Every structure is written in structure tokens, then in C-alpha cells.
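Let's take a friendly walk through the contacts in this model. Have the sequence and the 3D view open as you read.

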Amino acid sequence: MNYKLALIVFFSFVIASLLQFLPVPEAFNAWVPQWIALVVIYWALVLDERFNFILPCFVGLCVDVMNGAMLGLHALTLLWLSFVVLKNARQLRRAGRIQQMLEIGLLVLGYQFALFAIQGLVGLRLDDGTYFFASISSAIVWPWVSIILDDGCRRFVGLKEE
Amino acid sequence: MLFRQATGLGLRVFCLSILMIALMIADKHYKYVNNVREVLSVFLIPLQYTLNAPMQAIDWLKVSAATQHELSTENVHLKQQLLLMQVKLQQLINMQQENSELRALLKSSSRINAQFQEAKLLAMNLDPALAEVVLDKGAQDGVQPEQVVIDAAGVMGQIIGVTPFTSRLLLISDPRSGVPVQDDRSGLQAIVVGAGGNNPLSLIHVSETADIQVGDQLVTSGLGARYPEGYPVGTVTRIFKTSGEPFLNITVKPSALLERSRRVLIVSNYLDDDSKRMLYETPAKVAPQPVTISGAST
């Protein structure tokens with residue numbers, strides 16, 4: 001069961017990064033949801049106590065290498081994101097669908113703001129407001145992400161949920 | 001019990017945060033962190049090629065779905081272009097000969113013919129704050145860091161990282177990039193730096209009295225020995241002065257299609273041995289040569 005879980009976590013991140021880096025027309029660029037952040041949020045919610053902080057760090061490092069960003073930038077922000085999610089896991093799980101979407105949107109916004117702030121500190125800033133559109137689209141796709149991953153978990157791992 | 005677990009959580013996150021921040025600082029200041037980056041990027045190569053697959057499929061569809069009529073008209077068009085280019089090339093060969101003779105008279109080092117290697121961009125949606133792209137040629141194909149990349153219209157940037165099968169290209173629109181250029185019309189020398197994203201480039205440290213106009217073509221000056229001499233970089237689109245600042249604000253539109261080019265050329269081996277020795281050896285090691293002034297006056 002454990003290796004099955006590891007496998008599904010691995011593949012969820014592979015698919016998330018494919019979606020994240022898939023080339024899209026310039027106009028939609030700002031609207032690409034933060035797929036990787038959403039999957040990190042999902043696993044933090046589902047695994048709860050079994051969630052290991054090495055996971056967001058490793059995923060973040062891979063994102064940094066892909067992006068050519070400072071090594072550790074996404075790792076740090078994803079780590080903070082999963083920490084906030086774990087701290088508020090109970091409320092997040094209990095919230096209704098719309099409420100949950102709003103909260104996820106806010107979390108992604110915070111994640112992007114952290115990215116933006118750190119990049120700004122080192123002098124790589126991007127001064128257009130479109131940078132934050134992704135949190136809206138992330139909130140919109142969140143229900144589908146959670147439903148698909150729930151389904152995957154039930155089928156392949158038999159993971160029980162609350 | 002809940003409290004205890006929560007403190008453990010915070011402590012772990014704190015320790016890992018410190019580690020990541022240390023990594024970020026190390027990445028900014030020490031070169032050896034690049035090894036970590038290269039090891040990790042080898043594992044990401046399959047991902048990069050998978051991402052490119054849809055684009056390749058579209059390209060393949062375009063070719064296979066084209067009608068014979070389209071192909072034959074394109075063929076005729078290409079043949080016409082080829083003829084034109086060949087005629088131009090004849091003139092160019094003549095001029096090159098003349099140029100090298102003149103350079104020999106002036107006793108300056110001759111320019112060696114650059115060698116080109118074709119590469120394609122791997123389609124990927126990267127962080128818009130960083131103007132970087134990934135090419136499908138890597139160390140296996142002889143690509144090295146610091147090589148310059150151009151497209152049909154002008155300079156695109158330089159290679160900053162190499163893995164066995166891919167390489168990373170820093171575009172001239174990145175804030176970290178600087179290209180030494182000269183004005184084609186007046187010979188004025190300056191540096192073009194990027195501003196990130198889709199923002200226009202800017203020409204820095206040009207004083208108010210400098211001879212520069214809107215529409216001037218900027219080409220690489222060859223100073224700094226990174227970018228080969230004489231390739232177009234951009235055109236001046238706007239010049240304005242902010243009162244109280246010593247330099248002009250000049251925006252430059254890049255010649256290369258930074259966002260759209262998919263086929264690019266990697267320039268290699270453009271310096272001959274003489275110039276390399278002159279550039280990389282300390283002056284003390286270079287044997288003193290007799291200075292002749294007569295050469296310049298001819």
C-alpha cells in the first residue's frame with residue numbers, strides 16, 4: 001500500500017508539472033493555474049500527519065531547476081504553503097465547496113505573493129498586475145483536482161477519507 | 001498533545017526554511033551550486049521532451065496535411081529565395097576577401113568565419129519574470145556555456161547552462177543580460193540590457209551629447225569577446241531625457257524574434273587563435289611587438 005501511495009503521489013506531480021509547463025498562447029499565460037501548488041495542497045490535506053516536508057522541498061527544487069529560478073525559491077514557498085495548509089487542515093476539510101474554493105484561492109494568492117516578494121527582493125521583479133490572475137483560475141480548477149485525485153486514491157490505494 | 005505536534009511541525013518547517021534560504025543565498029554567490037542544478041536537470045529531461053511532443057505533433061500535422069499545391073508553390077518560392085541569396089553570397093565573398101586584405105593592411109586580427117549549429121527551442125511555459133528558454137541541443141552535441149545564439153534576424157542571447165541533451169539560453173531581454181553594442185551609423189558604443197518579460201530593452205550609460213537617433217541600428221561591437229562582432233541586436237525606438245539624470249533613457253526593440261523564433265543557430269568558434277591569445281592571456285605573457293604607425297596611414 002505504501003509504495004502504491006508513493007507511486008500515485010509521484011504521478012500526480014508529473015502530470016501537474018506537465019500541465020504547469022505546457023506551452024499556451026501568450027494571452028492565457030497569466031491564467032495558467034498553479035497546478036503544482038494545488039497538488040501540494042491536496043496531498044497536505046489528505047496525508048495530514050503522514051505528510052513529509054521533504055516532499056514540497058524536493059518538488060520545489062525541481063520546479064526551480066525547470067524554471068531556471070534561484071535554487072530553493074519554489075521549494076521555500078511550497079514549504080510555507082504546505083505548512084499553512086497543515087495548520088488549517090481541519091477547517092479546510094470541513095468547509096463547503098464554494099468556501100473551500102475561496103480558501104484555496106487565497107492560499108494560492110499568498111503563495112504567489114511570497115514568490116513575488118522574494119523575487120522582488122533580489123531584483124527580479126515583474127511589474128504587471130496579471131501575475132495574480134492564476135490564483136483565480138486555481139480556485140476554479142480546485143474542485144476538479146480534488147475530485148480526480150480522490151478518485152485516483154480510492155481506486156489505486158484504497159485510501160480512506162474522513 | 002495537539003500543542004506538542006504543532007510545535008514539532010513548526011520546528012521542522014523552520015529548519016527546512018533556513019536550509020532553503022541558505023541554498024538560495026549559495027545559489028546567488030557560489031558557482032558550485034550549479035552542480036546540484038545540473039544533476040537535477042538531467043532527471044527533468046524526459047519531462048522537457050514530453051512537453052515538446054504536442055508542438056512537434058502540430059508541426060508534423062502541418063507538413064502532412066499540406067496539399068501538393070501548397071508544397072509546390074512553397075518550393076518555387078524557396079528556389080527563388082535561394083537564387084537571390086546565392087547572388088548576394090557571390091558579392092559577399094568578394095567583399096570578405098577585400099575586407100581581410102584591408103584588415104591585414106591595418107595589422108588588425110582577421111575575423112574568422114563563425115561556425116553555426118542549428119537548434120530548436122523546446123516549447124515550455126516558464127516563469128515570465130525570467131527570460132530563459134531551453135534548446136534541444138546539449139553537451140552531447142558540443143554545446144558549451146557562454147556560446148552565443150542568434151536567429152535569422154539577430155542576436156537572441158547566450159547559453160548559460162548545459163545538460164547532456166538540453167541547454168538553457170538566457171535571452172537578451174533578461175535583466176541579467178548585457179550586450180556590448182555599437183551604433184551602426186555613428187559608431188557610438190554602449191551596452192544593451194534587458195528589462196525582463198516583454199518589456200523593451202534599454203541602452204544604458206549614454207550621455208546627452210552622444211550622437212544617437214531614433215531608428216538607429218545597433219550591432220554587436222565584439223567588445224568583451226562574448227558576442228561576435230557585427231550581428232544586429234536591435235533598433236532604437238525611443239529616446240528621452242529625465243531631468244536630473246546624467247544619462248539618456250533609450251529603449252531598444254530587439255531584432256531577433258525573441259518570443260517567436262523556434263529555430264535558432266548556436267555560434268561557435270568565432271575567434272581565431274591569435275585573438276584568443278590576446279584576450280585571455282595577461283599582457284606580460286604576450287611577446288612585445290614592434291609598433292608600426294605606417295600601417296594605419298595607408
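How many salt bridges does the rule find across the interface of chain A and chain B? It finds zero salt bridges there. Please keep in mind that this is a predicted model.

**Where the chains meet**

The contact draws on 42 residues of chain A and 41 residues of chain B. Together the two chains bury about 3,700 Å², with 72% of that area on carbon and sulfur atoms. Polar contacts do occur between chain A and chain B: six residue pairs are counted, both residues being at pLDDT 80 or more.

If you look at the side of chain A that touches chain B, the elements that give two or more residues to it are α1 (2-21), α3 (54-67), α4 (73-87) and α6 (97-121) of chain A. Among these, α3(A) gives the most, with nine residues. Sorted by class, this side of chain A has 30 nonpolar, seven polar and five charged residues.

**Inside chain B**

Chain B has its own internal boundary, since it is divided into domain 1 (8-110) and domain 2 (116-280). The centres of the two domains, taken over C-alpha atoms, are 13 Å apart. Their contact takes 13 residues from domain 1 of chain B and 16 residues from domain 2 of chain B.

Here are the two interfaces side by side:

| Interface | Buried area | Share on carbon and sulfur atoms |
|---|---|---|
| Chain A and chain B | about 3,700 Å² | 72% |
| Domain 1 of chain B and domain 2 of chain B | about 1,200 Å² | 54% |

Across the domain interface of chain B the rule finds one salt bridge. The side chains of Arg262(B) and Asp59(B) meet in a salt bridge, with 3.0 Å from N to O. On the side of domain 1 of chain B that touches domain 2 of chain B, the elements giving two or more residues are α2 (33-43) and α3 (45-65) of chain B. The most comes from α3(B), with seven residues. By class, that side of domain 1 has five nonpolar, five polar and three charged residues. Between the two domains, three residue pairs are in polar contact, both at pLDDT 80 or more.

**A closer look at one residue**

Gln117(B) sits in strand β1 (residues 115-122) of chain B. A polar atom of the Gln117(B) side chain lies 2.8 Å from the backbone oxygen of Asp141(B). Leaving aside neighbours within four places in sequence, Gln117(B) is in contact with Lys137(B), Asp141(B), Val143(B), Val264(B), Leu265(B) and Ile266(B).

Conventions
Residues numbered from 1 in each chain as written. Chains lettered and ligands numbered in written order. Predicted model: local features only at pLDDT ≥ 70, side-chain atom pairs only at ≥ 80, totals over all residues. Heavy atoms only, no water. Domains from an automatic or database assignment. Contact = heavy atoms within 4.5 Å. Buried area = accessible area lost by both parts, 1.4 Å probe. Salt bridge = Lys/Arg side-chain N within 4 Å of Asp/Glu carboxyl O. Polar contact = N/O pair within 3.5 Å; in protein donor to acceptor, adjacent residues only side chain to side chain. Helix = DSSP H or I, 4+ residues; strand = E, 2+ residues; numbered from the N terminus. Nonpolar A, V, L, I, M, F, W, Y, C, P; charged D, E, K, R; others polar.
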